[in-house]
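Please open the structure in your viewer and keep the selection panel handy. This tour goes stop by stop.

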Amino acid sequence: MQTFLKKQEIFLRKPLNLWSRLCLIAAAACIGASFLFPLWEIRLVAPQYRDGLELYIYAYQLQAGNDGQHLDEINLLNHYIGMQPIREADFVEMTWIPFAFGIFILLCLRAVVFGRMGNVVDLFVLFAYFGLFSMGNFYYRLYTYGQNLDPRAPMTIEPFTPVLFGTNRIANFTQYSYPDTGSYFLIAFGALLVVAAILSLREKPIDPYETR
Amino acid sequence: MKSKRTTRYLQWVPLVAVIPILGACAPDEIARDFDRRSAAEQSYVAPGDFDDYYLFYSGGHSGNVFVAGIPSMRHIVTIPVFTKYPGKGYGYDEVTKELLGDYTWGDIHHPALSKTDGIYDGRWLFVNDNAHNRIARIDLRDFKVKEILGPIPNTSGNHGSSFVTENTEYIMGGTRFSAPIPRGEYAHPEEYEERFNGVITGVQVGQENGEMSVGWQVLTPPFNWDLSSTGKGPSSGWAFFTSYNTEMAHTMLEANASQLDRDLGAAVNWRAAEQAIADGNYTEIDGVPVIDPAEVPGVMYFIPIPKSPHGMDTDPSGQWIVAGGKLDPTATVFSFEKIEAAIEAEDFEDEKRGVPVLTFDSVAEGQVPVGLGPLHTQFDGQGNAYTSMFIDSQVAKWRLPPWTDEEKADLESVVIDKIDVHYNIGHLVAGGSDTREPYGDWLVAMNKHAVGRHLKVGPGIPETSQLIDIRGEEMRMVKEAFTDKEPHFAQILRADKIDPIEVYPRAENTHPHAIWSFDDAEIVRNGDSVEVKMISIRSRFVPDIVDVQVGDTVTFHITNTEQTPGLTHGFGIGEMDISGNIDPGETKTYVVEMDRPGVFPFYCTVFCSALHQEMQGYLSVRPAENSE
């Protein structure tokens with residue numbers, strides 16, 4: 001046990017070489033890029049909507065196909081089953097996710113400057129937590145929309161949870177829900193953290209008490 | 001090895017067995033069967049696929065324009081123009097009521113697509129009203145009438161219209177039924193020669209917005225101006241007209257207007273007419289500057305044309321002008337070069353009321369013996385002309401000049417092919433024939449008598465339109481379709497030339513009473529006048545109860561807030577004779593007088609959604625307060 005902890009400590013004290021630091025800069029850029037693209041795409045296809053109704057979820061905004069018209073159309077259709085209208089203002093996470101992204105970029109740059117393996121590990125753990133929490137939060141949103149149907153709505157359907165990842169059939173619609181470009185940048189961010197760590201695995205740990 | 005060869009021979013056995021059977025059928029029967037099949041393939045457009053061309057038919061006295069696709073010939077949509085059309089809510093809202101005016105019908109003969117540089121530009125389709133002397137402009141962005149000009153002053157029976165010039169500067173028009181002018185002036189028809197007049201009209205078109213106005217008119221003797229076409233290339237700036245009744249008969253025209261061997265057509269220099277207006281050489285009659293061609297030389301020349309001619313079509317090069325003889329079995333080809341030379345040399349054979357008559361032999365290139373009753377001519381852009389023959393029920397394909405001396409000696413030799421059409425063809429249309437670059441693949445023959453061509457439907461028989469493939473040396477009949485009364489001329493437009501909208505973008509809605517939120521829906525009373533701002537959206541009207549009383553004038557401003565293609569909502573009021581249609585993103589205004597008490601349902605007439613039946617409301621009209 002003692003040796004394990006010792007090894008851990010040595011590992012976390014490993015310095016990051018130039019390649020690792022470049023990786024971290026690239027990772028920070030990925031976060032920036034993910035801000036520009038939708039993180040998730042939800043698409044509803046039915047015979048009379050052959051090209052589909054498209055919703056794009058960004059870190060900070062909700063966008064819909066045909067200049068936003070698709071969101072109005074989805075809400076219009078959803079009113080028949082008594083679903084609450086989907087409104088950007090209801091997505092509180094769209095205020096704190098950009099804040100979190102900013103923190104990731106700062107922590108990334110901090111790791112570049114401080115250059116310790118421990119910084120990368122911190123960042124990765126925090127990011128993994130952020131990822132899991134966001135997915136959970138997203139799922140809860142979908143659950144809330146699908147479960148709280150107005151009982152006075154014209155059409156009565158069994159409450160349901162729109163699918164988070166994959167495809168699902170609701171009445172005449174097939175729903176497709178998949179990560180979009182922004183999420184790929186986030187995955188790239190996680191992957192770059194791992195690569196940064198691997199590239200510096202062979203570095204010798206720095207003795208914190210050693211002075212030059 | 002040997003057995004293999006035997007098998008190979010054996011596979012021919014069934015075919016060999018079939019040959020005697022085939023031999024038993026008439027060979028042309030088989031050929032026809034193959035023909036029929038390939039024709040079916042040519043015109044087949046699979047479900048879900050698009051046609052290659054739009055076909056805009058004039059709807060004659062139905063007052064509508066019919067839109068079909070080529071090559072399938074399927075009718076796609078009807079554009080109401082001069083007639084109320086409840087199916088599209090046309091003529092019920094305030095805007096279309098005003099467009100229609102007081103007339104209940106119009107007689108559309110000649111649709112004309114707008115052009116830029118002699119090519120269809122896909123902006124507008126103009127149609128004439130032969131009955132009430134009007135011209136309508138249809139916007140091809142949404143396939144709706146945007147403007148109706150007229151009745152045009154001083155004219156009566158605007159038949160030779162609407163033919164547009166190379167850059168849509170003008171739409172040509174002409175008086176078919178001469179009358180005393182200005183309109184309203186009285187003279188007995190017996191005073192026809194002295195007191196009646198015709199005019200040729202240049203309707204000016206706004207280059208940006210397409211808005212029409214009467215630019216000028218040229219005063220003419222009381223001939224019956226029939227058809228026209230506009231010049232291009234060398235003949236740019238000119239328009240050509242046929243007339244019948246040079247005899248100036250006022251009764252029994254059938255015989256009395258068929259006495260002369262040649263009638264007088266006209267070449268009108270519209271640039272010279274513009275100049276005359278600019279120079280002030282005109283008299284204003286009923287608000288229109290009218291040019292007397294006897295006093296302004298160079299504006300108009302008469303051209304003798306055999307006999308009671310009908311069509312007057314300029315070829316894609318602008319060099320040849322072809323007149324159909326109607327009572328003469330030839331198509332006369334005039335050379336614009338020769339017309340210019342004759343004008344230059346003052347080579348006139350006569351003069352009629354101060355207007356020079358060009359010498360026929362000096363301006364005619366030749367008379368092609370096409371057959372009986374030649375009416376209209378279209379062009380394929382490859383040097384061929386196609387003339388419809390009413391009496392022969394045929395289309396003749398023939399070659400335009402230049403001709404060799406040998407050919408000129410026997411013009412029968414330039415006739416390449418003839419095809420039967422069923423029956424009594426009037427107009428025919430080849431895609432882009434009146435442009436510099438015809439499409440050259442399809443021709444549609446529009447026939448006046450369809451007797452025996454269709455399932456019997458009682459005495460009111462339809463018309464036939466026949467699609468003819470003109471890509472080969474010989475013409476081939478491909479498809480037959482039926483239309484309601486009554487296509488005259490048509491226009492063909494390549495489908496990719498336009499990209500019409502299917503919803504009105506909300507941002508473009510400028511109606512002062514448009515609303516987009518249920519919160520803005522309201523009913524406001526001001527004395528006897530009640531204004532309702534209403535929303536229609538799947539599947540409801542907001543508000544859906546409208547309380548008023550007898551004596552009120554109720555104005556509904558209904559906004560269809562949908563932005564989804566196909567989601568037009570109707571607004572029908574039972575027993576109040578309102579059939580409204582509000583397209584997605586559109587706001588329309590309906591004014592209804594409350595003349596009796598009762599409760600009147602209003603409902604969506606256009607099937608919109610699963611709960612379309614439920615899309616309804618009540619107009620609740622209580623008795624007038626003072627009557628109780």
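The tour below visits a helix pair, a sheet and a single residue.

The model is predicted.

**Stop 1: two helices in chain A**

Select residues 117-147 of chain A, helix α5, and then residues 181-199 of chain A, helix α6. How do their axes cross? They come within 10 Å and cross at roughly 155 degrees. An angle over 145 counts as roughly antiparallel, so α5(A) and α6(A) are roughly antiparallel. The crossing of α5(A) past α6(A) is left-handed.

Now show the side chains where these helices meet. On α5(A), pick A:Met117, A:Val120, A:Leu123, A:Phe124 and A:Phe127. Facing them on α6(A) are A:Phe189, A:Gly190, A:Leu193, A:Ala196 and A:Ala197. Colour this contact by class: 9 residues are nonpolar, 1 is polar and none is charged.

**Stop 2: a sheet in chain B**

Move to chain B and select strands β28, β29, β30 and β31. They form an open sheet of 4 strands in the order β28-β29-β30-β31, with antiparallel pairing. Which strands are at the edges? They are β28 (425-430) and β31 (476-483) of chain B, each of which pairs on one side only. From one strand to the next, the twist averages 20 degrees.

Zoom in on β30 of chain B, residues 463-469. Is this strand mostly covered or mostly open? It is mostly covered, with 6 of its 7 residues buried.

Look first towards β29 of chain B, residues 442-447. The two strands run antiparallel, and 6 bridges join them. Two pairs to label are B:Ala445 with B:Gln466 and B:Met446 with B:Ser465.

Then look towards β31(B). Here 7 bridges join an antiparallel pair, β30(B) and β31(B). Label B:Leu467 and, opposite it in β31(B), B:Lys479. These two strands form a hairpin, with 6 residues between them.

**Stop 3: one residue in chain B**

Select B:Glu147, which lies in strand β7 (residues 144-149) of chain B. Is B:Glu147 buried or exposed? It has 17 other C-beta atoms within 10 Å, so it is partly exposed. A buried residue would need 20 or more, and an exposed one 12 or fewer.

Next, show the contacts of B:Glu147. Beyond its neighbours within four places in sequence, they are B:Ala136, B:Arg137, B:Glu211 and B:Met212. Finish by drawing a C-alpha to C-alpha distance from B:Glu147 to B:Leu100: the two are 9.6 Å apart in space and 47 residues apart in sequence.

Terms used:
Residues numbered from 1 in each chain as written. Chains lettered and ligands numbered in written order. Predicted model: local features only at pLDDT ≥ 70, side-chain atom pairs only at ≥ 80, totals over all residues. Pairing = 2+ DSSP bridges. Axes fitted to C-alpha atoms, helices over the stretch in contact; angles between N-to-C directions. Parallel < 35°, antiparallel > 145°, perpendicular 65-115°, else oblique. Left-handed = near helix turned anticlockwise from the far one by under 90°. Contact = placed C-beta atoms within 7 Å. Nonpolar A, V, L, I, M, F, W, Y, C, P; charged D, E, K, R; others polar.
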